[in-house]
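Here is a short report on a protein and the ligand it holds. Have a look at the sequence and structure first, and then we can walk through the contacts together.

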Amino acid sequence: MKIDLTGKVALVTGGSRGIGKAVATALAGAGADVVITYRASADEAAAVVEKIVASGRRGKAVLADAGDFAPASALVESVTGEFSRLDILVNNAGITRDGLLMRMGEQDWDAVIASNLKSVFNYTKAAVKPMMGQRSGKIINISSIAGVIGNAGQANYSASKAGMIGFTKSMARELGSRNIQVNAIAPGFIDTDMTAALSEEQRKKLEQNIPLKRTGKAEEIAGVACFLASPAADYITGQVVCVDGGMVM
Ligand code: NAP
């Protein structure tokens, strides 16, 4: 089955690197026009836009901290102004500030909750307006298996990712009658800058605990995001899809 998103307009938060970059370019590859946001990586964001444009679609990168409320609605308004509609929102922006609770500072907690969870409130609240008017929309939240099973040293991160799952299910119930599907993807261990710090020994140990015996690629998350964004997923809502090589089952 070929996924066809021709004529759709997508917004991906944190699309300059890693999973967000892979999702943005895959959505464009499937035919969508794509707007990405970023917080720091301007050159990387510009390169993603170049890739989107090279695939024949319209693309745009906007500097916006996903944790800030006001820019989200202004950004969605400018997207619907320029691109006429908004069909797909991927809430992907996220950070880690790991540490055991005893050593976790208030700033580590607040920064993670703002970037990973408040951001989802900010952008979903803004995006549902045009989606309700269109009576269609797909919202995909990039959570984590840490939000499903927890992780020592990641209380802030796991709480933010579990919060995303609760938010996803509540939105699925609120927005179902408007034909807006809301789902979450829970990636396992995916090779990106976020996970680059592991030593070779740590990586080997980790891979032993993954039934598929390897870490994942950002493109393997992007494929599932494209499916959830497509008409093939019209009857799927409120779900958490673990893309983790079988770690959670
Ligand atoms: P990454 O390589 O570190 O990339 C993070 C992206 O998010 C960057 O584009 C970054 O933009 C952006 N970003 C971070 N905070 C932002 C903010 N406040 N406002 C706007 N943009 C922001 O991370 P990744 O591995 O691709 O992770 C992407 C998502 O997948 C995250 O939500 C993460 O929690 C989730 N996830 C990842 C894994 C994994 O194994 N990698 C596993 C489970 C879940 P700048 O470069 O401009 O800062």
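In this predicted model, the side chain of Ser41 has an N or O atom 2.4 Å from an oxygen atom of the ligand. Backbone atoms take part in polar contacts with the ligand too, at Arg39 and at Gly14. Here are the three contacts side by side:

| Residue | Protein atom | Ligand atom | Distance |
|---|---|---|---|
| Ser41 | N or O atom in the side chain | oxygen | 2.4 Å |
| Arg39 | polar backbone atom | oxygen | 2.9 Å |
| Gly14 | polar backbone atom | oxygen | 3.2 Å |

How much of the ligand's accessible area does the protein cover? On its own the ligand has 890 Å² of accessible area, and the protein covers 96% of that. The space that the ligand takes is the largest pocket.

Now for the surroundings. There are 30 residues around the ligand, and Ser41 is among those that come nearest, together with Ser16, Ala40, Tyr157 and Thr192. Two helices deserve a look here: H1 (18-29) and H6 (155-175) each supply at least two residues of the shell around the ligand.

Finally, let us turn to the strands. Strand S2 covers residues 33-38 and strand S3 covers residues 59-63; the two pair in the parallel sense, over 5 bridges. If you would like a spot to find this pairing, Thr37 stands opposite Val62 in S3. Together with helix H2 (residues 42-54), S2 and S3 make a β-α-β unit, and this unit is right-handed.

Technical notes: Residues numbered from 1 in each chain as written. Predicted model: local features only at pLDDT ≥ 70, side-chain atom pairs only at ≥ 80, totals over all residues. Heavy atoms only, no water. Pairing = 2+ DSSP bridges. Helix = DSSP H or I, 4+ residues; strand = E, 2+ residues; numbered from the N terminus. Right-handed = clockwise from strand over helix to strand, strands pointing away. Near = heavy atom within 4 Å. Polar contact = N/O pair within 3.5 Å; in protein donor to acceptor, adjacent residues only side chain to side chain. Areas by Shrake-Rupley, 256 points an atom, 1.4 Å probe, with all protein chains shown as cover. 1 Å grid on protein atoms, 1.4 Å probe; cavity = no way out; pocket = protein on both sides within 12 Å on 5 of 7 lines; lining within 4 Å. Sits in = over half its atoms within 2 Å of the grid points.
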